[in-house]
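Here are my notes for you, since you're coming to this one fresh. Have the picture open while you read.

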Amino acid sequence: YDVLIDQQRYGLNASYFFRKTIVSLLPNPDLVVFLYADARIIHERKPELTVNEISDRLNGYTSFLRGKKINICELDVSKFSPEKCASFIYEKYIVK
């Protein structure tokens, strides 16, 4: 779904309608893992984008995923270590 929210990352110059049409042709994933944190924290860790750009993308993902009927795991990575996040996902979604 990245291509819908952040086409700049992929160097695309296509309309949202075109990108949405392409994505609609693909099967839905079994699980979407959405790792998020406050935009300032993300910027401190990886300052590729401005805080406002990060915030815009987070809002875009949140709005987009809210309307989807798919299995979504949302984790605030500012509260957990990478190991804890991976363990949580594994235990909750992989090992059933």
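The points below go from the whole chain down to single residues.

1. First, a word on what you're looking at: this is a predicted model. Confidence is decent to work with on paper, with a mean pLDDT of 89 for the protein chain, and 99% of its residues reach 70 or more. By element, the lowest mean is 84, in helix α1 (residues 2-5), while helix α3 (residues 39-45) has the highest, at 95.

2. Now the overall layout. The protein chain has five helices and two strands. Read from the N terminus, the order is α-α-β-α-α-β-α. If you draw a box around the C-alpha atoms along the principal axes, its sides come to roughly 40 × 35 × 20 Å.

3. How does the chain hang together in terms of contacts? Take the contacts with a separation of 6 or more: 56% of them join residues 24 or more positions apart. As for burial, 23% of the 96 residues count as buried.

4. On the surface, the accessible area of the protein chain is about 7200 Å², and carbon and sulfur atoms account for 54% of that. There are 14 positive and 12 negative charges, and the mean positions of the two sets lie 6 Å apart.

5. Which residues make up the largest nonpolar core? There are eleven: Leu4, Val23, Val32, Phe34, Ala39, Ile54, Leu58, Tyr61, Phe64, Leu65 and Ile70. Both β1 (32-36) and α4 (51-66) supply at least two residues of this core, and α4 gives the most, with five. Apart from this core lies another, of seven residues, including Ala37, Leu75, Cys85 and Ile89.

6. Ile70 is a handy place to look inside the largest core. Leaving out residues up to four places away in sequence, Ile70 touches Tyr1, Asn28, Val32 and Leu65. Val32 and Leu65 are members of that core too.

7. Next, have a look at Ile72, which sits in strand β2 (residues 72-76). Setting aside neighbours within four places in sequence, Ile72 is in contact with Leu31, Val32, Leu65 and Tyr93. Pro27 is 45 residues from Ile72 along the chain, and their C-alpha atoms are separated by 15 Å.

8. Val77 is worth a stop. You'll find Val77 in the loop between β2 and α5 (82-94). Is Val77 buried or exposed? Val77 counts as buried, because its relative accessibility is 18% and the cut-off for buried is under 20%. Beyond residues up to four places away in sequence, Val77 touches Leu35, Tyr36, Ala37, Arg45 and Cys85. Two of these partners, Ala37 and Cys85, are among the residues of the seven-residue core.

9. Compare Glu48, in the loop between α3 and α4. Glu48 has a relative accessible area of 61%, so it counts as exposed, the cut-off being over 50%. Glu48 and Val77 are 29 residues apart along the chain, with 18 Å between their C-alpha atoms.

10. Last comes Ile42, in helix α3. Why does Ile42 count as partly exposed? Because its relative accessibility is 25%, which falls between the cut-offs of 20% and 50%. Apart from neighbours within four places in sequence, Ile42 is in contact with Ala37, Ile54 and Leu58. Ile54 and Leu58 belong to the largest core, whereas Ala37 belongs to the seven-residue one.

11. Two distances from Ile42 round this off. From C-alpha to C-alpha, Ile42 and Val77 are 9.4 Å apart in space, with their positions 35 residues apart in sequence. Ile42 and Ser55 are 13 residues apart in sequence, and their C-alpha atoms lie 9.5 Å apart.

Notes
Residues numbered from 1 in each chain as written. Predicted model: local features only at pLDDT ≥ 70, side-chain atom pairs only at ≥ 80, totals over all residues. Heavy atoms only, no water. Core = buried A, V, L, I, M, F, W, Y, C linked by side-chain atoms within 4.5 Å. Buried < 20%, exposed > 50% of the residue type's maximum accessible area, 1.4 Å probe, protein only. Helix = DSSP H or I, 4+ residues; strand = E, 2+ residues; numbered from the N terminus. Contact = heavy atoms within 4.5 Å. Areas by Shrake-Rupley, 256 points an atom, 1.4 Å probe, with all protein chains shown as cover. Lys, Arg positive; Asp, Glu negative; His and termini not counted. Charge placed at Lys NZ, Arg CZ, Asp CG, Glu CD. pLDDT = per-residue confidence, 0-100.
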